[in-house]
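Biologist: Could you walk me through this model? I would like to start with the sheet.

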Amino acid sequence: MAEKRNSNTENTKFHIFSSAYFRSVVERAQYVNDGKKEIAFIGRSNVGKSSLINSLCSRRGLAMVSRDPGKTRTINYFAIQSRSMDKEGTGHRQDWYLVDLPGYGFARTSQKSKDSWSSFIAEYIKFSPGLVLLCLLIDLRHPGLPIDAKAYEWLQGLGLPIQIVCTKSDKLGTQEKQKNLREVKRLFSGSGHPVAYSAISHNGRDDLLHIIEQYVCGDES
Ligand code: GDP
């Protein structure tokens, strides 16, 4: 996919100004290993992962948005260029990868296929030295799904920082949003403050970019 530059390059806040599909891989020998940092996104199928990636990068159609989940299982890399500004007003450019990991929780999934999903993800996490942050997506309307709790517990065991991102926040009213965010904080304690995100209004994009900045610019890795 051709690289596209966004028009907001004058922005003084950390922002993504270029994003492009880079590569899809299915096994360890194919992992990208060129010293750049990686931020990975994971969540239940249909949680809104593709929409969030598109929103975060301000690119329609970067990640595929589909109502028909569960096709080929691949790890998808997107090459990202971002820009930040230091206290002196000097701009800095960062090159990193946004990594789209296969979703979990498809209907009618066998135990064998759940196990193979786990080893597929665990291997990527274990053998990707550039990986600095895992964003776990939770549908803000359904904070208490057992499958998400299980995924969280399992991912926590892999020892990487986890950022909870609550998707589809525009589908809730203010009170319910606050109530469910409190519930997310309680259920996913140990992962910092969750970010509420809407891929429709892009609410939450600045918050999530600010968190990503800490990792991409080095303070947190
Ligand atoms: P994925 O399977 O996790 O990649 O999920 P998708 O990005 O394909 O989204 C699944 C469905 O939820 C699609 O119909 C999207 O249009 C919808 N969706 C995703 N994010 C949002 C959001 O923030 N707000 C609303 N209202 N709908 C969303």
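Biologist: Which residues of strand 3 are buried on one side, and which on the other?
Modeller: On one side these are Lys37, Ile39, Phe41 and Gly43, and on the other Glu38, Ala40 and Ile42, so both faces of strand 3 are covered. A residue is called buried if 20 or more other C-beta atoms lie within 10 Å of its own, exposed if 12 or fewer, and partly exposed in between, with C-beta atoms placed from the backbone. Helices (H or I, at least four residues) and strands (E, at least two) are DSSP runs, numbered from the N terminus.

Biologist: Before we continue, what kind of model is it, and how are residues numbered?
Modeller: It is a predicted model, in which local features need pLDDT of at least 70 and side-chain atom pairs count only at pLDDT 80 or more, while totals for chains, interfaces and linings use all residues. Residues are numbered from 1 along each chain as its sequence is written.

Biologist: What is the mean pLDDT of the protein chain?
Modeller: The mean is 88, and 88% of the residues reach 70 or more; pLDDT is the predictor's confidence in each residue, from 0 to 100. Over residues 1-9 the pLDDT is below 50, and beyond near neighbours in sequence this stretch has 12 contacts in the model. Two residues are in contact if their C-beta atoms, placed from the backbone, lie within 7 Å.

Biologist: Back to strand 3, then. Which way does strand 3 run relative to strand 6?
Modeller: Strand 3 (residues 37-43) and strand 6 run parallel, joined by 6 bridges. Two strands pair if DSSP finds at least two bridges between them. Ile39 has Leu133 as its bridge partner in strand 6, and Ile42 stands opposite Leu136 in that strand.

Biologist: How many bridges join strand 3 to strand 5?
Modeller: There are 5, and these two strands also run parallel. Lys37 is partnered there with Trp96 of strand 5.

Biologist: How many residues of strand 6 are buried?
Modeller: In strand 6 (residues 131-139), 8 of the 9 residues are buried. Strand 6 also pairs with strand 7 (residues 162-167) in the parallel sense, over 6 bridges, and Asp139 stands opposite Thr167 in strand 7.

Biologist: Which helix forms a β-α-β unit with strand 6 and strand 7?
Modeller: Helix 3 does, and the unit is right-handed. A crossover is right-handed if, with the strands pointing away from the viewer, the path from the first strand over the helix to the second runs clockwise.

Biologist: Trp154 is in helix 3. Is Trp154 buried or exposed?
Modeller: Neither label applies: Trp154, in helix 3 (residues 146-156), is partly exposed because 13 other C-beta atoms lie within 10 Å. The C-alpha atoms of Trp154 and Ala122 are separated by 9.5 Å, with these positions 32 residues apart along the chain counted as their separation.

Biologist: And the antiparallel part? Which strand does strand 2 join?
Modeller: Strand 2 (residues 15-25) is joined to strand 4 (residues 75-85) by 9 bridges, and the two run antiparallel. Ser18 stands opposite Gln81 in strand 4. Strand 4 in turn pairs with strand 5 (residues 91-100) in the antiparallel sense over 10 bridges, with Met85 partnered by Gly91. The hairpin of strand 4 and strand 5 has 5 residues between the strands, and Gly89 takes a positive phi near 90 degrees there.

Biologist: Which residues have a positive phi although they are not glycine?
Modeller: Asn46, at about 80 degrees, is one of them, and Ser58, at about 55 degrees, is another. Asn46 lies in the loop between strand 3 and helix 1, whereas Ser58 is in the loop between helix 1 and strand 4. Asn46 counts as partly exposed because it has 17 C-beta neighbours inside 10 Å.

Biologist: Changing topic to the ligand: which residues come nearest?
Modeller: Of the 20 residues around the ligand, Gly48, Lys49, Ser50, Ser51 and Ala199 come nearest. A residue is near a molecule or strand if its C-beta atom, placed from the backbone, lies within 6 Å of it. Helix 1 (residues 49-56) gives the most to this shell, with 3 residues.

Biologist: How do the residues of the shell divide?
Modeller: They divide into 5 nonpolar, 10 polar and 5 charged. Ala, Val, Leu, Ile, Met, Phe, Trp, Tyr, Cys and Pro count as nonpolar, Asp, Glu, Lys and Arg as charged, and the others, Gly among them, as polar.
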